[in-house]
Amino acid sequence: LHELKRREAIRDFAHNADVVSNELLDPASLDGSQMGKCYQAYNEMLERFHSLTFGQIIAKAVEELEKPATLARVRAPLKHLIVDEYQDINPAQERLIELLAADPVHLCVVGDDDQAIYQWRGSDVSNILSFVKRYKNVKTVKLEINRRSRPRIIETANDFSKSIPNRLPKAMKEERAGGGPEIVCWKAETEEAET
């Protein structure tokens, strides 16, 4: 039981440490707290091993690109910036995109707000929902034809998607013919039985 609690505490700390980077929070705001002490020790350990987390890589890139000379040097050769899975970006990633994609760089994002599943790790679906308001000269291309799934699956997915609040208007259309059982309801009695 003690080992389990320790693992849970480590997991919770790692999640909170990621929030600092993903939200571009000032670590000084943690000063004087237990989290602040642990976060400082954590960063000192990472520095000793010359390591950064993924979130820290993004945060450090933003920090450097906010220096005008660095930004000018990095953006000079850029013509196009393509971002996939845009619905899953967090505030630090959005800031990085904003810095890199200023005029004259052409920005192309690909995403589906109905597939935003990473809010638990800091993604903010409002980035894709408000994209056309925040960027100028936006052209939207809807990819609504589903070539993979059968009609009943697409119908069910469209019905379910309508329950998602504040979504962009869209509906998948099928290309494949129907046939056979397309949806089967199944329930496992235990977690182990799911595998």
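How many salt bridges does a search of the whole structure find? The search finds 16 of them, and since this is a predicted model, the tour below describes computed positions throughout.

**First stop: Asp112 and Lys170.** Select Asp112 and Lys170 and display their side chains, which meet in a salt bridge at 3.9 Å from N to O. The pair links distant parts of the chain, 58 residues apart: Asp112 sits in the loop between strand E2 (106–109) and helix H6 (126–129), whereas Lys170 belongs to the loop between helix H8 (151–161) and strand E4 (173–174). Asp112 counts as partly exposed, with a relative accessibility of 22%, and Lys170 is likewise partly exposed, its relative accessible area being 25%. Now add Asp113, Asp114 and Arg167 to the selection, and you will have on screen a network of salt bridges that links these residues with Asp112 and Lys170.

**Second stop: Glu144 and Lys173.** Select next Glu144 and Lys173, whose side chains form a salt bridge with an N to O distance of 2.9 Å. Because Glu144 lies in the loop between helix H7 (131–134) and strand E3 (145–146), while Lys173 lies in strand E4, this pair ties together parts that are 29 residues apart in sequence. Lys173 counts as partly exposed, at 43% relative accessibility.

**Third stop: helix H8.** Move to Arg152 and Glu155, where another salt bridge joins the two side chains at 3.5 Å, N to O. Here both partners are in helix H8, and because they are three residues apart, about one helical turn separates them. Arg152 is partly exposed at 43% relative accessibility, and Glu155 is also partly exposed, with a relative accessible area of 43%.

**Fourth stop: the largest nonpolar core.** Leave the charged pairs and select Leu65, Leu81, Val83, Tyr86, Leu96 and Ile97, which, of the 18 residues in the largest nonpolar core, touch the most other members. At least two residues of this core come from each of helix H3 (54–65), strand E1 (80–83) and helix H5 (91–100), and H5 gives the most, with five residues. Which residues does Leu96 touch, if those up to four places away in sequence are not counted? Centre the view on Leu96 and look for Ile58, Ala61, Val62 and Leu65, which are the residues it touches on that basis.

**Last stop: another core.** Apart from the largest core lies another one, made up of seven residues, and you can find it by selecting Ala17, Leu30, Tyr39 and Leu46, which are among its members.

How values were computed
Residues are numbered from 1 along each chain as its sequence is written. This is a predicted model: local features need pLDDT of at least 70, side-chain atom pairs count only at pLDDT 80 or more; totals for chains, interfaces and linings use all residues. Side-chain values use heavy atoms; hydrogens and water are left out. A salt bridge is a side-chain nitrogen of Lys or Arg within 4 Å of a carboxyl oxygen of Asp or Glu. Helices (H or I, at least four residues) and strands (E, at least two) are DSSP runs, numbered from the N terminus. Buried means under 20% relative accessible area, exposed over 50%, partly exposed in between (1.4 Å probe, protein chains only). A nonpolar core is a set of buried Ala, Val, Leu, Ile, Met, Phe, Trp, Tyr and Cys residues joined through side-chain atoms within 4.5 Å. Contact means heavy atoms within 4.5 Å.
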